[in-house]
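Please open the model in your viewer and keep the sequence panel beside it, since each stop on this tour begins with a selection. The stops move from a single side chain to a pair of helices and then to the whole chain.

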Amino acid sequence: MPEEVLVEEPLEIRLDGDLVATTMRTPGHDFELAVGFCWAEGFISEAPGKVRYCATGSATDTGFNVVTVQRSPSDARTTRPQGRLGITSSSCGVCGCEHIDALTEDLQPLPPTPGLTSRLLVAAGSGAPRSQELFGVTGGSHAAAAIDLHGDPIVLREDIGRHNAVDKVVGSLLLGETRRPAGPAVPGDPGLAAVLWVSGRASFEILQKAWAAGFSAVVAVGAVSSLAVDTAERARIVLCGFAREGRVTVYAGEELLGALP
């Protein structure tokens, strides 16, 4: 029988015409990936004015592998960003950064989210995996999902790279204009994208992106790293690992969890 394999291709991300990164990704939801990446890097402070394929030629000529993000005229971050000149692999989204601290130096600790409980985090870990179509076919994709305060997935995205899947989720929230990242606008809102679920381990890159997007908690199917724990404590994010079989292990932020309903 023929085997299905996951597609991996390079994507150039350009901001206002300037190349800021090249990442290895699974094609699909490319605009979300580019916008989510620019948000996590601090290149944009609001939804972009326009996102399109190409910049160096037609979309067909570039194989739909170049995406340009155009900042909104009202975006406060108008300086030219220092992009990543190397290739960001599908296994690591931080390679190419000279200073890890630069990714979090402008971020502030997040406020507590009413309604965030251990029961919700267990529910988030149990409900998100049901929509992993690419994984079901190839067995090779990672996934990330934004979960609301009912424990229900708002959006789930898959990619060969864990960091890309997270960027796609954040980009979807930004472009959807319904649940903007960057902290809860209405604390306790049942529709709030409060929890970030990831199918693999939780490392620094995942926590940094979750912090930049304002998620109150990160729930990982796999293990967590020491730097992820440190970052979660700085950000005041609840960090859970080994979300399996109706259980999670809380590594940071247990004091931020409310009483069970």
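Select F215 and show its surroundings: leaving out residues up to four places away in sequence, F215 touches L110, A146, V169, V170, L173, A193, A194, V195, L196, A210 and I237, where a contact means heavy atoms within 4.5 Å. This is a predicted model, in which local features need pLDDT of at least 70 and side-chain atom pairs count only at pLDDT 80 or more, while totals for chains, interfaces and linings use all residues. Residues are numbered from 1 along each chain as its sequence is written, and side-chain values use heavy atoms, with hydrogens and water left out.

F215 itself sits in the loop between α5 (204-213) and β9 (217-220); helices (H or I, at least four residues) and strands (E, at least two) are DSSP runs, numbered from the N terminus. Its relative accessibility is 1%, so F215 counts as buried, a term that means under 20% relative accessible area with a 1.4 Å probe and protein chains only. If you add T113 to the selection, you will find its C-alpha 9.5 Å from that of F215, although the two residues are 102 apart in sequence.

Next, select helix α4, residues 162-176, whose end C-alpha atoms are 21 Å apart, in agreement with the 21 Å that its 15 residues should span at 1.5 Å a residue; the expected span is 1.5 Å times one less than the number of residues. Because 13 of the 15 residues of α4 are buried, this helix is largely enclosed by the rest of the structure.

Now add helix α1, residues 30-40, which packs against α4 at an angle of about 95 degrees, with the axes 6 Å apart. That makes α1 roughly perpendicular to α4, a label given to angles of 65 to 115 degrees, taken from 0 to 180 degrees between the N-to-C directions of lines fitted to C-alpha atoms over the stretch in contact. Among the residues that meet here are F31, F37 and W39 in α1 and V170, L174 and L175 in α4.

Staying in α1, select D30, which lies in this helix and counts as buried because its relative accessibility is 3%. Not counting residues up to four places away in sequence, D30 touches L11, R25, Y53, F64 and V67.

Finally, show the whole chain, which has 6 helices and 11 strands. Of its 261 residues, 52% count as buried.

Conventions
Buried < 20%, exposed > 50% of the residue type's maximum accessible area, 1.4 Å probe, protein only. Parallel < 35°, antiparallel > 145°, perpendicular 65-115°, else oblique.
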